[in-house]
Amino acid sequence: MSEYHIGDAMKKFLHGSRLNNGIRSVQIEEVWERLMGKTIARYTDKIEIVRNTLFIHTNVGSLKNELVFQRQQIIERVNEALGEKLITEVVIK
């Protein structure tokens, strides 16, 4: 039986778990203001990850349009913040 450090064991468990996307969503919410700025963060209602897709929820029409144009930059910024290429698509709702 091989030995793991507790951190490595947790990462391995989470990697194959459905909890992983929920934890990643929380991590993104924590750095969202730094990544996107105060104004965008203030008017973003919810951020969630389903598989490799980042869903951004907002009720502000002009912000939806702005985020549509920034999809590629959002993917790059979020993946950089997470330290891995997790997000492949962004959906604005």
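## Overall layout

Following the chain from its start, you meet the elements in the order α-α-α-β-β-α-α-β. That gives the protein 5 helices and 3 strands, where helices (H or I, at least four residues) and strands (E, at least two) are DSSP runs numbered from the N terminus. Please keep in mind that this is a predicted model, in which local features need pLDDT of at least 70 and side-chain atom pairs count only at pLDDT 80 or more, while totals for chains, interfaces and linings use all residues. Residues are numbered from 1 along each chain as its sequence is written, and side-chain values use heavy atoms, with hydrogens and water left out.

Of the 93 residues, 34% count as buried; here buried means under 20% relative accessible area, exposed means over 50%, and partly exposed lies in between (1.4 Å probe, protein chains only). The accessible surface comes to about 6700 Å², and carbon and sulfur atoms account for 51% of that surface. These areas come from the Shrake-Rupley method with a 1.4 Å probe, and for residues only the protein chains shown count as cover. Among contacts (heavy atoms within 4.5 Å) between residues at least 6 apart in sequence, 49% join residues at least 24 apart.

## The sheet

The 3 strands make an open sheet in the order β1-β2-β3, with mixed pairing; two strands pair if DSSP finds at least two bridges between them. β1 (46-50) and β3 (89-92) each have a single partner strand, so one side of each edge strand has no neighbour in the sheet. From one strand to the next, the twist averages 20°. Angles run from 0 to 180 degrees between N-to-C directions, and axes are lines fitted to C-alpha atoms, for helices over the stretch in contact. Helix α5 (residues 71-82) lies across β2 and β3, at about 120° to β3.

How do the strands pair? β1 and β2 (residues 53-57) are antiparallel, over 5 bridges, whereas β2 and β3 run parallel and are joined by 4 bridges. In the first of these pairings, Ile49 stands opposite Leu54 and Lys46 has His57 as its bridge partner. In the second, Phe55 of β2 stands opposite Val91 in β3. The hairpin of β1 and β2 has 2 residues between the strands, and Arg51 takes a positive phi near 55° there.

## Two strands, two patterns of burial

In a regular strand the side chains alternate between the two faces of the sheet. β1 shows this alternation: Ile47 and Ile49 are buried on one face, while Lys46, Glu48 and Val50 point to the other and are not buried. In β2, 5 of the 5 residues are buried, so this strand is largely enclosed by the rest of the structure. Thr53, Phe55 and His57 cover one side of β2, with Leu54 and Ile56 on the other.

The face of β1 that carries Lys46 and Glu48 also holds a salt bridge between these two residues, with the closest N and O atoms 3.9 Å apart. A salt bridge here is a side-chain nitrogen of Lys or Arg within 4 Å of a carboxyl oxygen of Asp or Glu, and the count by this rule is 1. Both partners are partly exposed: Lys46 has a relative accessible area of 43%, and Glu48 has 24%.

## The core and a buried glutamine

The largest nonpolar core has 19 residues, and Trp32, Leu54, Ile74 and Val78 have the most contacts inside it. Such a core is a set of buried Ala, Val, Leu, Ile, Met, Phe, Trp, Tyr and Cys residues joined through side-chain atoms within 4.5 Å. At least two core residues come from each of α2 (19-36), β1, β2, α4 (61-69), α5 and β3. Beyond its neighbours within four places in sequence, Trp32 is in contact with residues including Ile47, Leu54, Ile56, Ile74 and Val78.

Is Gln70, in the loop between α4 and α5, buried or exposed? Gln70 is buried, at 17% relative accessible area. Not counting residues up to four places away in sequence, Gln70 touches Met36 and Arg77.
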